[in-house]
Amino acid sequence: VLDRLIKNILVDKTIKVNDLLIGDKNALIIGARISGFGEGYGVEVECSTCGTKNDQIFDLKEVQPKEADPEIKFSDQGTFFIKLPQTEVEVECRLLTAADEHKLLGVADKKKKLNLPDSIITDQCKSFIVSLNGVTERSVVDEFVESMPARDANYLRKEYEKVRPDVSMLYSFECDLCSADNSVELPFTATFFWPR
């Protein structure tokens, strides 16, 4: 549904939704919501301290682009490199597109139907890794990802997130009951495009 919305609001019809980066899609969706219904987004969020449900109105105009790590340098092909701390492998990565996201969701659904273990993080790493120390052979990449030390895997995911362009959906609110300060990821619910 959201892909169809984005396709319909794009003026330049040569732009394909599946070619967009995930962060660009998120920015377009927020822009469409602001344009259609205004910047106030009312949603119920839970206090992490006392568990009380709080009705909050978030200002979508406060959503800002996520700051990218300025130390990461991109190649002419649009890839970037991350050196892993434990194995010291230099991993060449690419940014995932909407098409990649759909493919990963399809793989996850298929595994769920076949009662196979969830491996969305592993599958995501396999998708964004282009090469390892210059080796591009997919079987080598897949085998490495499957056996990568946890320290390297966590580092790789954190560094990838630092580079991935997106919008910051982190909001702060004070609980109505206990006055605790909370920080939440802005939830996308049905009320995002169908306000109460």
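**Entry 1: ground rules**

Two strands pair if DSSP finds at least two bridges between them. I also note that helices (H or I, at least four residues) and strands (E, at least two) are DSSP runs, numbered from the N terminus. What I have open is a predicted model, where local features need pLDDT of at least 70 and side-chain atom pairs count only at pLDDT 80 or more, while totals for chains, interfaces and linings use all residues. Residues are numbered from 1 along each chain as its sequence is written, and side-chain values use heavy atoms, with hydrogens and water left out.

**Entry 2: the whole chain**

I started with an overview. The chain has six helices and nine strands. Its C-alpha trace spans about 50 × 45 × 40 Å along the principal axes. How much of the chain is buried (under 20% relative accessible area; exposed is over 50%, partly exposed in between, 1.4 Å probe, protein chains only)? Buried residues make up 35% of the 196 residues. I then looked at contacts (heavy atoms within 4.5 Å) with a separation of 6 or more. Of these, 60% come from residues 24 or more positions apart.

**Entry 3: helix 1 against helix 2**

I went to the N-terminal end next and picked out helix 1, residues 2-9, and helix 2, residues 22-37. Their axes (lines fitted to C-alpha atoms, for helices over the stretch in contact; angles run from 0 to 180 degrees between N-to-C directions) come within 10 Å and cross at roughly 75°. That makes helix 1 roughly perpendicular to helix 2 (65 to 115 degrees; under 35 is roughly parallel, over 145 roughly antiparallel, the rest oblique). Which residues of helix 1 meet helix 2? From helix 1 I listed Leu 2, Asp 3, Leu 5, Ile 6 and Ile 9; in helix 2 they meet Lys 25, Leu 28, Ile 29 and Ala 32. Sorted by type, the residues of this contact are seven nonpolar, no polar and two charged (Ala, Val, Leu, Ile, Met, Phe, Trp, Tyr, Cys and Pro count as nonpolar; Asp, Glu, Lys and Arg as charged; the others, Gly among them, as polar).

**Entry 4: the hairpin of strands 1 and 2**

Strand 1 covers residues 40-46. In a regular strand the side chains alternate between the two faces of the sheet. I checked both faces here: Tyr 41, Val 43 and Val 45 sit on the covered face of strand 1, and Gly 40, Gly 42, Glu 44 and Glu 46 on the uncovered one. Strand 2, residues 53-59, pairs with strand 1 in the antiparallel sense over seven bridges. At one of the paired positions, Glu 46 stands opposite Lys 53. Six residues lie between the two strands of this hairpin, and Gly 51 takes a positive phi near 80°.

**Entry 5: the sheet 4-5-6**

Further along I found an open sheet of three strands in the order 4-5-6, with antiparallel pairing. Strand 4 and strand 6 are the edge strands, since each pairs on one side only. Neighbouring strands of this sheet are turned by 25° against each other on average, direction ignored.

I then went through the pairs. Strand 4 (residues 80-83) and strand 5 (residues 90-93) pair over four bridges. Ile 82 has Val 91 as its bridge partner in strand 5. This hairpin too has six residues between its strands, and I noted a positive phi near 60° at Glu 88. Strand 5 is joined to strand 6, residues 129-132, by three bridges. Here Glu 92 stands opposite Ser 131, and Cys 93 has Ile 129 in strand 6 as its bridge partner.

What lies across these three strands? I found helix 6 there, running at about 150° to strand 4.

**Entry 6: helix 4 against helix 6**

Helix 6, residues 150-163, also has a helix partner: its axis and that of helix 4, residues 120-128, come within 11 Å and cross at roughly 60°. Helix 4 and helix 6 are therefore oblique to each other. For the contact I wrote down Ile 121, Cys 125 and Phe 128 from helix 4, meeting Leu 156, Arg 157 and Tyr 160 in helix 6. The residues of this contact split into five nonpolar, no polar and one charged.

**Entry 7: two asparagines in loops**

Most residues other than glycine have a negative phi, and most peptide bonds are trans. So I looked up two residues with a positive phi that are not glycine: Asn 115, at about 55°, and Asn 133, near 50°. Asn 115 sits in the loop between helix 3 (98-113) and helix 4. Is Asn 115 buried or exposed? Asn 115 is exposed, with a relative accessible area of 71%. Asn 133 lies in the loop between strand 6 and helix 5 (138-147).
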